[in-house]
Amino acid sequence: MKTFMTTLLSTTVLCAGMAAADGNLPLKEMEGIADREHWLPGEVNADGALEALQAVVGADAVPFAGTLDKPIQIALIYPSADTSDFWARNYLALTKRLDELGIAYETTEFASRQVEHSLQSTYANQVEQDADLYDYVIFGPSELAIQGDNIEKLAGNDGFATYVWAFHTPLKYLETQPDAWFDFSSAAGALTMCDYMLGRLGDDVTMAMNRGIPGITDDQRSGDFKDCVMEKGNWQVAYEHYGEYQTEGGFEGTSLILQAYPEATVIHNANTAMAMGSVEAQVAADKTGDVFSTGWGGTGLELDAIRRGDLDATPMRMGDDVGAATAEAIKADLEGRAEELPLVFLGRITVAHDEMSAEELDALELEAFRFSGIDALER
């Protein structure tokens with residue numbers, strides 16, 4: 001895996017912004033940082049490798065076939081001190097899946113906040129220097145471009161295997177790639193949602209959009225969705241509002257849409273916060289049933305809104321897939337099957353919607369958070 005496409009990695013350096021997890025790095029943090037071109041999952045995964053690992057992750061654990069003289073040592077360098085519970089949930093998913101697989105382990109966590117780039121660099125240097133202490137290193141970059149050199153440093157150390165969390169677009173300029181990348185794809189979610197909406201609502205629909213912040217995440221969640229429904233279903237867009245991923249932005253955008261663009265029968269929201277604001281605006285205007293409203297991510301708040309009849313559909317991430325897939329990658333490595341793995345793993349995304357029964361929604365939520373639990377985490 002580490003010698004991946006060595007003949008293709010002399011790529012011209014370009015500048016492009018990336019966002020970590022669901023966050024967006026302030027522009028001032030990007031000053032002087034040159035991001036490069038990225039590989040897309042479809043360009044680097046062997047045929048069927050991604051789908052095979054997704055199937056394994058969604059099935060019951062098959063115990064590790066070998067034996068270990070001592071627990072494996074795992075170092076985790078990630079912004080788990082930040083607000084998002086993505087890190088904590090996938091840590092739980094990782095460790096509980098390892099338990100199911102019968103793999104003994106010990107973990108060492110190097111926590112930071114999303115903006116503490118220098119601290120992450122310090123941690124990466126420390127782990128790289130202490131390579132003999134670790135078998136596996138999981139790195140959740142504070143930001144992909146800023147941490148690119150640290151990713152390459154860790155990936156180039158033969159003392160351990162290196163896995164990257166929360167990004168799925170490998171940097172082309174890396175001479176040595178990590179063993180695997182694990183994430184969810186907003187682009188894949190957008191296309192899944194496109195297919196569902198076309199099947200549900202048909203062609204020639206007029207919609208309006210509460211978009212997030214200009215950048216890669218919104219380009220995929222909103223832009224790819226818009227392009228898909230326009231191309232495949234001849235949909236029209238009456239209005240696009242940038243709500244900056246905030247509840248207030250969703251409320252303001254929806255209030256304007258309901259007043260000025262009554263022809264829009266669908267309102268697309270690019271994240272949970274804007275979806276909740278959009279719902280509030282519709283309830284306030286007594287127009288909940290007048291438009292078809294979507295969210296993004298399938299969080300507990302969105303599922304509750306679907307259960308109440310306030311939200312109609314959302315692309316829902318199987319949130320614990322990243323951690324569980326990493327455990328399966330460790331198992332494959334221990335069994336000498338690392339070459340079977342995709343370079344880029346994408347967690348499963350399905351659509352939760354208002355035509356599902358309460359039992360179906362509950363089952364979907366339980367599957368998404370089967371390791372970390374559906375309740376809010378105590379942190």
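**Notes on Asp320, helix H11 and the two nonpolar cores**

1. A good place to start is Asp320, whose side chain comes to 3.3 Å from the backbone nitrogen of Arg370. That side chain also reaches the backbone nitrogen of Phe371, at 2.9 Å. A polar contact here is a pair of N or O atoms within 3.5 Å; within protein, one must be able to donate a hydrogen and the other to accept it, and residues adjacent in sequence count only if both atoms are side-chain atoms.

2. Before going on, a word about the model: it is predicted, so local features need pLDDT of at least 70 and side-chain atom pairs count only at pLDDT 80 or more, while totals for chains, interfaces and linings use all residues. Residues are numbered from 1 along each chain as its sequence is written, and side-chain values use heavy atoms, with hydrogens and water left out.

3. Back to Asp320, which sits in the loop between strand S10 (313-317) and helix H11 (321-334). Helices (H or I, at least four residues) and strands (E, at least two) are DSSP runs numbered from the N terminus. Asp320 is buried but has no salt bridge, and the nearest side chain of opposite charge, Arg89, is 5.2 Å away. Buried means under 20% relative accessible area, exposed over 50%, and partly exposed in between (1.4 Å probe, protein chains only). A salt bridge needs a side-chain nitrogen of Lys or Arg within 4 Å of a carboxyl oxygen of Asp or Glu; for charge, Lys and Arg count as positive and Asp and Glu as negative, with His and the chain ends not counted.

4. Leaving aside neighbours within four places in sequence, Asp320 is in contact (heavy atoms within 4.5 Å) with residues including Arg89, Asn90, Ala93 and Ser372.

5. Now for H11 itself: twelve of its 14 residues are buried, including Val322, Ala325, Ile330 and Lys331. Its end C-alpha atoms lie 20 Å apart, which agrees with the 20 Å that 14 residues should span at 1.5 Å a residue; the expected span is 1.5 Å times one less than the number of residues. Just after the helix, Gly336 has a positive phi of about 75°.

6. Lys331 of H11 also turns up in the surroundings of Val62: beyond neighbours within four places in sequence, Val62 is in contact with Leu101 and Lys331. Val62 is in the loop between helix H2 (49-58) and strand S1 (72-78), and counts as exposed because its relative accessible area is 52%.

7. On to the interior. The largest nonpolar core has 62 residues, and those with the most contacts inside it are Val127, Tyr163, Trp165, Trp181 and Phe182. Such a core is a set of buried Ala, Val, Leu, Ile, Met, Phe, Trp, Tyr and Cys residues joined through side-chain atoms within 4.5 Å. Beyond neighbours within four places in sequence, Tyr163 is in contact with residues of H11, among them Thr326, Ala329 and Ile330.

8. Apart from that core lies another, of 17 residues, among them Tyr196, Val266, Phe292 and Val351. Phe292 belongs to strand S9 (residues 292-293) and is buried because its relative accessibility is 8%. Tyr196 and Val266 are among its contacts outside four places in sequence.

9. Finally, His241 in strand S7 (residues 236-242) is buried because its relative accessible area is 14%. The side chain of His241 reaches the backbone oxygen of Gly249 at 3.4 Å.
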